[in-house]
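I am opening a notebook on this structure and will write down what I looked up, entry by entry. The ligand and the metal sites are my topics.

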Amino acid sequence: EAKKAGRGELLIFNDAMTAVAKDGLVIDGALRGAIAANEFYLVYQAITNANTGKMTKVEALLRWNSSLLGPVPPDRFIPVAEDSGMIIELGTWVLEEACRQMGSWKQSALREVTISINVSAWQLADPQFVTLVSQALMRNGLSPHQLELELTERVLIEDAANVQAVLAQLRALGVSVSLDDFGTGYSSLSYLTQFHLNTLKIDRAFVMDIEHSERSNSLVHAIIAMGHSLGLQLVAEGVETAGQAEILEKMGCHYLQGYHISRPVPPDELLRFAGNRVSAAPQPYSNFAI
Ligand code: C2E
Ligand code: MG
Ligand code: MG
Ligand code: MG
């Protein structure tokens with residue numbers, strides 16, 4: 001009993017210490033200068049065509065190795081960067097770095113993939129945003145069709161009129177827009193027709209239980225059917241098992257993303273992964289771990 005309680009206390013204490021050490025203010029302080037100090041980098045996660053197993057897109061995910069705090073996950077520092085407004089500078093860095101990386105893949109097995117980057121509400125509200133996007137594409141000799149922007153439902157509800165205008169401009173430019181974490185937000189279904197969206201990414205929370213929960217299974221089925229009827233592409237996030245992949249493919253989900261296909265990896269590993277897949281036998285879901 002006592003031992004158990006003691007361990008519990010220790011755990012709580014450790015959690016509290018972590019919370020203090022990496023608490024908003026500390027993170028905020030450490031974020032300043034982190035771009036200049038080269039503490040950020042991108043990792044890339046494959047997104048495959050559910051039918052063919054071919055890697056058609058990659059999602060760029062931001063990583064921060066802070067000299068003060070060590071590795072800090074994006075779920076911790078993105079909200080802080082959003083609060084301080086630093087997300088504009090950070091998001092611009094991500095855009096530029098992802099486009100630079102894409103540009104360097106021109107002669108490689110990755111030349112035909114589309115790159116997807118996460119964009120926060122603040123960036124979309126920045127009057128410079130569309131210009132920044134088109135400049136990053138031009139500077140790196142990319143076609144707008146090679147870029148996709150991932151937004152969350154939150155973005156759509158915050159300043160709907162402006163967002164609608166910005167999405168129309170992006171669409172005119174030829175850049176695709178996907179709705180990330182679909183099903184977890186607060187937007188109404190009418191947003192799906194109101195905004196210019198190309199893709200819905202079904203949140204991992206629903207995909208996770210698809211094999212064992214009738215409810216999740218029906219929900220994902222309904223989302224896919226709705227996506228089809230609205231002419232949207234569907235990506236399932238967080239696909240971790242062969243069983244999930246098979247069910248999703250049968251349901252008509254177009255793309256799969258998750259640890260079952262690949263973890264997010266550095267560029268050189270992604271290149272190796274792409275090379276392997278090009279020459280791979282029909283087996284589409286070969287596992288790939290880091
Ligand atoms: P997200 O955009 O929904 O990205 C997917 C997250 O799920 C990533 O976490 C990825 O590593 C993780 N994931 C992928 N497959 C699986 C799986 O099979 N199982 C599990 N358990 N997880 C999986 P990550 O990299 O920690 O990023 C978390 C969130 O941080 C992202 O969620 C996104 O909202 C945000 N984020 C990441 N990079 C950026 C960025 O450059 N800009 C902005 N604004 N947000 C970013
Ligand atoms: Mg995303
Ligand atoms: Mg997501
Ligand atoms: Mg997420």
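Before turning to the metals I noted what counts as a donor, namely an N, O or S atom within 2.8 Å of the metal, and since water is not among the atoms, sites may look incomplete. I also kept in mind throughout that this is a predicted model.

**Entry: the two magnesium ions**

I first looked up how the two metals are related, and found that D180 bridges the magnesium ion (ligand 2) and the magnesium ion (ligand 3), which lie 4.0 Å apart.

**Entry: ligand 2**

For the magnesium ion (ligand 2), I listed E59 (OE), N118 (OD1), E150 (OE) and D180 (OD) as the protein donors, at 2.0 to 2.2 Å from the ion. Along the chain, I read their spacing as E-x58-N-x31-E-x29-D. I then placed two of them on the fold: E59 belongs to strand 2 and N118 to strand 4 (residues 114–118), so this pair ties together parts that are 59 residues apart in sequence.

**Entry: ligand 3**

For the magnesium ion (ligand 3), the protein donors I found are D180 (OD), D181 (OD) and E237, the last of which is listed with OE twice, and they lie 2.0 to 2.6 Å from the ion. Here the spacing along the chain is D-D-x55-E. The pair D181 and E237 links distant parts of the chain, 56 residues apart, with D181 in strand 6 and E237 in the loop between strand 8 (233–236) and helix 12 (242–251).

**Entry: the surroundings of ligand 1**

Which residues come nearest to ligand 1? Of the 22 residues around it, I noted R63, N118, D180, E240 and Y259 as the nearest. I sorted the shell by type and got eight nonpolar, five polar and nine charged residues. Strand 2 (55–66), helix 3 (74–84) and strand 6 (176–182) each supply at least two residues of this shell, and strand 2 gives the largest share, with four residues.

**Entry: polar contacts and cover of ligand 1**

I looked up three contacts of ligand 1, beginning with a polar side-chain atom of E240 that lies 2.5 Å from a nitrogen atom of the ligand. A backbone N or O atom of L62 is 3.1 Å from a nitrogen atom of ligand 1, while a polar backbone atom of Y259 is 2.8 Å from an oxygen atom of the ligand. On its own, ligand 1 has 800 Å² of accessible area, of which the protein covers 84%. Finally, I noted that the space ligand 1 takes is the largest pocket.

Note on methods:
Residues numbered from 1 in each chain as written. Chains lettered and ligands numbered in written order. Predicted model: local features only at pLDDT ≥ 70, side-chain atom pairs only at ≥ 80, totals over all residues. Heavy atoms only, no water. Near = heavy atom within 4 Å. Polar contact = N/O pair within 3.5 Å; in protein donor to acceptor, adjacent residues only side chain to side chain. Areas by Shrake-Rupley, 256 points an atom, 1.4 Å probe, with all protein chains shown as cover. 1 Å grid on protein atoms, 1.4 Å probe; cavity = no way out; pocket = protein on both sides within 12 Å on 5 of 7 lines; lining within 4 Å. Sits in = over half its atoms within 2 Å of the grid points. Nonpolar A, V, L, I, M, F, W, Y, C, P; charged D, E, K, R; others polar. Donors = N, O, S within 2.8 Å, 3.2 Å for Na, K, Ca; no water.
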